[in-house]
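Please open the model in your viewer and keep the selection panel at hand. The tour below goes from one selection to the next and says what is there.

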Number of protein chains: 4
Amino acid sequence: MRVLFLGDIVGSPGRKALRLFLPGLLEEFRPHFVIGNAENAAGGYGLTEKIAEELFALGLDLLTSGNHIWKREFLPYLARSERVLRPANYPEGAPGRGATVLEKDGRKLAVINLEGRVFMRALQCPFRTAAALAEELRLETPCILVDFHAEATSEKIALSWYLDGRVSALIGTHTHVQTADARILPQGTAYLSDAGMCGLRDGVIGMDRKQALEMYLTQVPRRLEVPKKGTVKAEGVFLELEEESGRALRIETFRREES
Amino acid sequence: MRVLFLGDIVGSPGRKALRLFLPGLLEEFRPHFVIGNAENAAGGYGLTEKIAEELFALGLDLLTSGNHIWKREFLPYLARSERVLRPANYPEGAPGRGATVLEKDGRKLAVINLEGRVFMRALQCPFRTAAALAEELRLETPCILVDFHAEATSEKIALSWYLDGRVSALIGTHTHVQTADARILPQGTAYLSDAGMCGLRDGVIGMDRKQALEMYLTQVPRRLEVPKKGTVKAEGVFLELEEESGRALRIETFRREES
Amino acid sequence: MRVLFLGDIVGSPGRKALRLFLPGLLEEFRPHFVIGNAENAAGGYGLTEKIAEELFALGLDLLTSGNHIWKREFLPYLARSERVLRPANYPEGAPGRGATVLEKDGRKLAVINLEGRVFMRALQCPFRTAAALAEELRLETPCILVDFHAEATSEKIALSWYLDGRVSALIGTHTHVQTADARILPQGTAYLSDAGMCGLRDGVIGMDRKQALEMYLTQVPRRLEVPKKGTVKAEGVFLELEEESGRALRIETFRREES
Amino acid sequence: MRVLFLGDIVGSPGRKALRLFLPGLLEEFRPHFVIGNAENAAGGYGLTEKIAEELFALGLDLLTSGNHIWKREFLPYLARSERVLRPANYPEGAPGRGATVLEKDGRKLAVINLEGRVFMRALQCPFRTAAALAEELRLETPCILVDFHAEATSEKIALSWYLDGRVSALIGTHTHVQTADARILPQGTAYLSDAGMCGLRDGVIGMDRKQALEMYLTQVPRRLEVPKKGTVKAEGVFLELEEESGRALRIETFRREES
Ligand SMILES: [Fe+2]
Ligand SMILES: [Fe+2]
Ligand SMILES: [Fe+2]
Ligand SMILES: [Fe+2]
Ligand SMILES: [Fe+2]
Ligand SMILES: [Fe+2]
Ligand SMILES: [Fe+2]
Ligand SMILES: [Fe+2]
């Protein structure tokens, strides 16, 4: 089974990057499933129903997310959508779902979305949540992908060792910078600390760099905007899984950018 | 010289508390200067020009603030107002001023506003900023009041020892809970870890407690609102300073609440 | 039922404060149970078996703790002791216990120790943990005391509203500064944001103030020591509970210091 | 001018990695200067004089560092060494130096070490510190390398835009995971979010993975150890600078690991 995973899609440049590069990626990798992290897809903060539909129309099968998904007006859609995940380790009472099974042409891929706790919110244990969900989903399919939306490399790597052999792949998101550590762990789990992002190449993790600098220099908090113009890029990771066992056979990162 | 200092004024219940109790406090303590922290005066987050004027009309001479003062639409007023302070240890480029000298009937009181760094923003060193400002302001008056808007008791107490003998009083704000540690340090600086707040008594630091609980239980971030109804209280501290030396002669906390 | 609770006992000055003032406190309040937070009792960081025994010999029935209790060499004692609690909301696998029932002369007092998560570790939800334990302990006794070792006033107050009517008292610890907000909530739960500390009066939350200032001024991390000499104080809270219902009848803070 | 920069060297496996792979790297890249971040070189935490000398003997010209460098017993050496840097943006009073100029065969390379503030300590502004040091060092040489030891990608990228054209290269360290974003910015500054690490391949950022998992699962704090055995790797970045202008001509990451 072939899976394409896109790093955090940031604002309109992120969506533009998908329009530009996704067709070529689909042709090249011929994935059975396409997934992307959409926590920043709407103006850099959160998601909207309209933009979710736009992303599905571009060919994404499922959207994962993270700390930025909780905009009030999006919650009703999040609560009812079967194609948008939020991290599974939010406690009871948080709307939405954190895991699902995608099915297409007889192939089944389970996806778990998790959020880290180091430098982030006081969520349920992502280690235990992941293990319990993996065990449950395994009853349906051995092909299980985890999007671990987290800040600290230490937490990401620790979880990868914890899940090695229990899931097919653990892909990190949230830092918006693609890492160079793609590998397959001894028990067959593919790992990458961060998939990178789809969006503006010359901003600060996708946002206006002038505004980001103003914020860092004055420490006055401000909402950063996503510039409408500028070179865009699409980053992510391609996975190939052995369908019977769920073992990862191949993991490969990619980056496409405007010339 | 007598000074009345009011803890964080939170939303309309905070302003109501001042309308109810400030007249009595003025009568009882007969302060020469009245100061209050207004970082939460407008709906719990920040301040507006209209509400600043409302507070001045109630008898406040100066408003201090903290981490919540930086609402975009308030910045022009903050930049030009001589009666609203923001923490002095924001770096160059942040609008507004962090210290001033109040003058009334020949009496001069210098006020310095600072923000802590433990669990807060990466500001300039509050210790050095305070020492430099105190030295400069001392040329005008030995009566110097510091509002140290900070989270950690450790940082507040450490600064009080650092400034003992250099300022008349160091009063903490930000936690919205009045502490029971008012004292005068050996070199004459009055100290209190936190002045408390003016606002709703039965909320969560002035905000809606149902919403606060929802946030703690689900970890889903949300804007908390200030309830319109409910018992209000006014908390703060009264100081008496020796005018020639600037030494604190007396420090006394107060709380007034609706019966 | 009368209960005496002592705030964080810090190093040898903290133990000295108990030797000096506990006899008088016992005489004055005639408590049935005496409890103290001992997370800093050994040199300011953690606890040892020897010091635990010293505290029991002084008249304490139970020691609670917090984030500083986890010194490696103390874990075996923590694992087997029935009279030292660590926060109950550490996940499975952490040694020690987080709640217990004290029994003396036919009276039973349940005690729950919890740790906050705001600016602290990624523990289990203290709200749910407290509610579940309270329900369970209530089968044995309606008199339930909670030591909530936490930093943020917001989290402490939110938990007090959540537990109002389910426990007899929620007393905060960890900031080492006594707060002035003791009250009994509408459903009968006594509340205080922080009990204060037993230890050196003129340090920085019980530690050497010169070292603390060096750390704040240089940002170079260092272990702070507890000075051997200096004026000591004992702070805490006295509670009176209705035995049949567990409702709080009275809450009163105290401070005793060397003259 | 050719420069080889090695990511965080972690414990004895890190030193072993240098023994194994540095000779080959020197042969391949023929660098004029070799620099490595040694904040974790001694047992995973900090550095010692003995280990610093061992690293110099292996061919390193200069050691940079970060948050872990401040072990008490190392400070005297740090204070006098001309070949070990600590982040330059610690305030006055911190021992050691934060920038230097290396000179060899008539070539001069200035090196600045900085530490980030997002999720880290309350240091001086790294942006302003870097700009001031770059201006000063430029009087000696236009070839300036910055090791920005920081956690957040946002802060690292923002600083790279701020310094573009003012320094030859900004290389991030601290996360121990090499990133895939090496590039040369429009004004000639080479950039990489993180150089990666030299140390154990199958640990958790170089530390024992069993211990790391125990810590994440129980939240009980513990000192992590560096395993003595296991496959090692060396990661870093190679830079080529135009000597007259200081502009980066080439940036290339590398990884060498035991087969
Ligand atoms: Fe993101
Ligand atoms: Fe995120
Ligand atoms: Fe406030
Ligand atoms: Fe505040
Ligand atoms: Fe403590
Ligand atoms: Fe504590
Ligand atoms: Fe490191
Ligand atoms: Fe580091």
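The stops that follow take up a single chain, then pairs of copies, and then one loop residue.

This is a predicted model, in which local features need pLDDT of at least 70 and side-chain atom pairs count only at pLDDT 80 or more, while totals for chains, interfaces and linings use all residues. Residues are numbered from 1 along each chain as its sequence is written, chains are lettered from A and ligands numbered from 1 in the order in which they are written, and side-chain values use heavy atoms, with hydrogens and water left out.

**Chain A**

Begin by selecting chain A and colouring it by secondary structure, where six helices and 13 strands appear; helices (H or I, at least four residues) and strands (E, at least two) are DSSP runs, numbered from the N terminus. Turned along its principal axes, the C-alpha trace of chain A spans about 50 × 40 × 35 Å. The radius of gyration of chain A is 17 Å, which agrees with the value near 18 Å for a compact globule of 259 residues, where the radius is taken over C-alpha atoms and the rule is 2.2 Å times the number of residues to the power 0.38.

Of the 259 residues in chain A, 66% are buried, a word that stands for under 20% relative accessible area, with exposed meaning over 50% and partly exposed in between (1.4 Å probe, protein chains only). If you look at contacts (heavy atoms within 4.5 Å) between residues of chain A at least 6 apart in sequence, 65% of them join residues at least 24 apart.

**Chains A and C**

Next, show chain C together with chain A: a rotation of 180 degrees with 0.0 Å of shift along its axis superposes chain C on chain A, with an RMSD of 0.0 Å, by least squares on the C-alpha atoms of residues with pLDDT of at least 70 in both. The two copies are therefore related as by a two-fold rotation axis. Select C:A122, whose C-alpha is the nearest to the axis in chain C, 2.6 Å from it.

**Chains A and D**

Now exchange chain C for chain D, which is also superposed on chain A by a rotation of 180 degrees with 0.0 Å of shift along the axis (RMSD 0.0 Å). Of the residues of chain D, D:T179 comes closest to this axis, with its C-alpha at 1.9 Å.

**A loop in chain B**

Finally, move to chain B and select B:K228, in the loop between helix 6 (209-218) and strand 12 (232-241). B:K228 is exposed, its relative accessible area being 74%. Add B:D208 to the selection: the two residues are 20 apart along the chain, and their C-alpha atoms are separated by 9.4 Å.
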